[in-house]
Structure formats: C-alpha cells, structure tokens
Amino acid sequence: LLTSALSAVVGQRLVRRICSGCKTTYLATPDLAATYGWDQSEPIRLVKGRGCATCYDSGYKGRLGIHELPQSDEALQRLMVRSPSRDELAAFFKHAGSRSLFEDGLQRVLEGRTTLEEVSRVVHAV
C-alpha cells in the first residue's frame with residue numbers, strides 16, 4: 001500500500017555554516033581532491049573559519065540544510081515490495097542518479113558554505 005502512495009521521500013540534515021566574519025580559504029591537497037573525485041585541472045579552494053568573537057571562536061555561525069530527494073518510480077516500488085537492505089537502496093539510488101546527503105554536502109563544501117569535517121560528522125561518512 002505504501003509503495004503505491006509514495007511519490008518522494010526527503011532526507012535532511014543540518015550542518016553548521018562557516019562564520020562569514022572569520023572565513024579563510026585554503027587549497028585542497030591533491031590527495032584530498034583525489035579522495036573525493038574532484039577535478040584537479042584547477043586548484044580547489046576550500047573554506048574554514050578561524051574563530052572570532054562573532055562565532056565564539058568556533059569558526060561556525062548558523063546552520064545550513066543538506067538534502068537528498070530520491071524520486072519514486074515503478075522500479076523503486078518493485079524494489080520496496082521485496083524489503084531491500086540499506087545497501088540495496090543506496091545502490092538503487094546511485095544507479096538512478098539521485099544525489100545522496102553526502103554528495104549534497106560535498107557540493108556545499110565546494111560552494112564555501114561548510115567544511116568537509118562538518119559534513120562527515122553529520123552524515124557519518126568517510
């Protein structure tokens with residue numbers, strides 16, 4: 001019954017946003033870029049907070065949502081009837097081209113809005 005009524009499921013986590021008052025940039029090492037599959041043709045600039053009075057020396061101020069929105073279709077409905085494991089669902093969504101929470105978090109890192117450490121801490125990846 002659930003599979004026929006389900007049109008989408010949203011996964012969301014909140015990560016800390018980098019403080020704009022003490023934001024500093026640094027270059028990602030080649031090893032780090034290779035780990036995450038980032039294009040190394042140009043230097044990759046990442047951002048972190050140094051800590052200041054505005055953010056109480058944490059380097060973060062505010063929150064930012066990261067999301068995943070896998071679309072429901074007939075193939076997913078057939079899979080759900082079989083009671084798949086978490087790994088089977090993850091493989092299905094990856095094959096379908098859905099962006100995971102971690103991938104969305106990495107996009108926010110590249111945008112300079114949060115840090116790799118924060119995304120890893122919240123999503124429990126890496």
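In this predicted model, the side chains of R82 and E88 come together in a salt bridge, with 3.5 Å from N to O. The two partners differ in their surroundings: R82 is exposed, its relative accessible area being 56%, whereas E88 is partly exposed at 36%. The boundary that matters here is 50%, since a residue counts as exposed only over that value.

This pair belongs to a wider set of charged contacts, for a search of the whole structure finds seven salt bridges. Another of them joins E118 to R16, and the closest N and O atoms of this pair lie 2.9 Å apart. The link connects distant parts of the chain: E118 sits in helix α6, R16 sits in strand β1 (residues 11-18), and 102 residues separate them. How accessible is each partner, buried or partly exposed? E118 is buried, with a relative accessible area of 1%. R16, in contrast, counts as partly exposed at 27% relative accessibility. The classification of E118 follows because buried means under 20% relative accessible area.

A further salt bridge is formed by the side chains of R113 and E111, at 3.2 Å from N to O. Here both partners fall into the intermediate class: R113 is partly exposed at 30% relative accessibility, and E111 is partly exposed at 39%. These two residues also take part in a network of salt bridges, in which R99, D104, R108, E111 and R113 are linked.

The helix that carries E118 leads to the next topic, the packing of two helices. Two packed helices are described by the angle between their axes and by the distance between those axes. For helix α5 (residues 101-110) and helix α6 (residues 116-123), the axes come within 9 Å and cross at roughly 160 degrees. Helix α5 is therefore roughly antiparallel to α6, because angles over 145 degrees are placed in that class. The crossing in which α5 passes α6 is right-handed.

Which residues make this contact? From α5 the contributors are L101, F102, G105, L106 and V109, and from α6 they are L116, V119, S120 and V123. Sorted by class, the contact of α5 with α6 comprises seven nonpolar residues, two polar residues and no charged residues. Helix α6 thus enters the account in two ways: residues including L116 and V123 belong to its contact with α5, while E118 in α6 is paired with R16 in strand β1.

Key:
Residues are numbered from 1 along each chain as its sequence is written. This is a predicted model: local features need pLDDT of at least 70, side-chain atom pairs count only at pLDDT 80 or more; totals for chains, interfaces and linings use all residues. Side-chain values use heavy atoms; hydrogens and water are left out. Axes are lines fitted to C-alpha atoms, for helices over the stretch in contact, and angles run from 0 to 180 degrees between N-to-C directions. Helices (H or I, at least four residues) and strands (E, at least two) are DSSP runs, numbered from the N terminus. Angles under 35 degrees count as roughly parallel, over 145 as roughly antiparallel, 65 to 115 as roughly perpendicular and the rest as oblique. A crossing is left-handed if the near helix is turned anticlockwise from the far one by less than a right angle, and right-handed if clockwise. Contact means heavy atoms within 4.5 Å. Ala, Val, Leu, Ile, Met, Phe, Trp, Tyr, Cys and Pro count as nonpolar, Asp, Glu, Lys and Arg as charged, and the others, Gly among them, as polar. A salt bridge is a side-chain nitrogen of Lys or Arg within 4 Å of a carboxyl oxygen of Asp or Glu. Buried means under 20% relative accessible area, exposed over 50%, partly exposed in between (1.4 Å probe, protein chains only).
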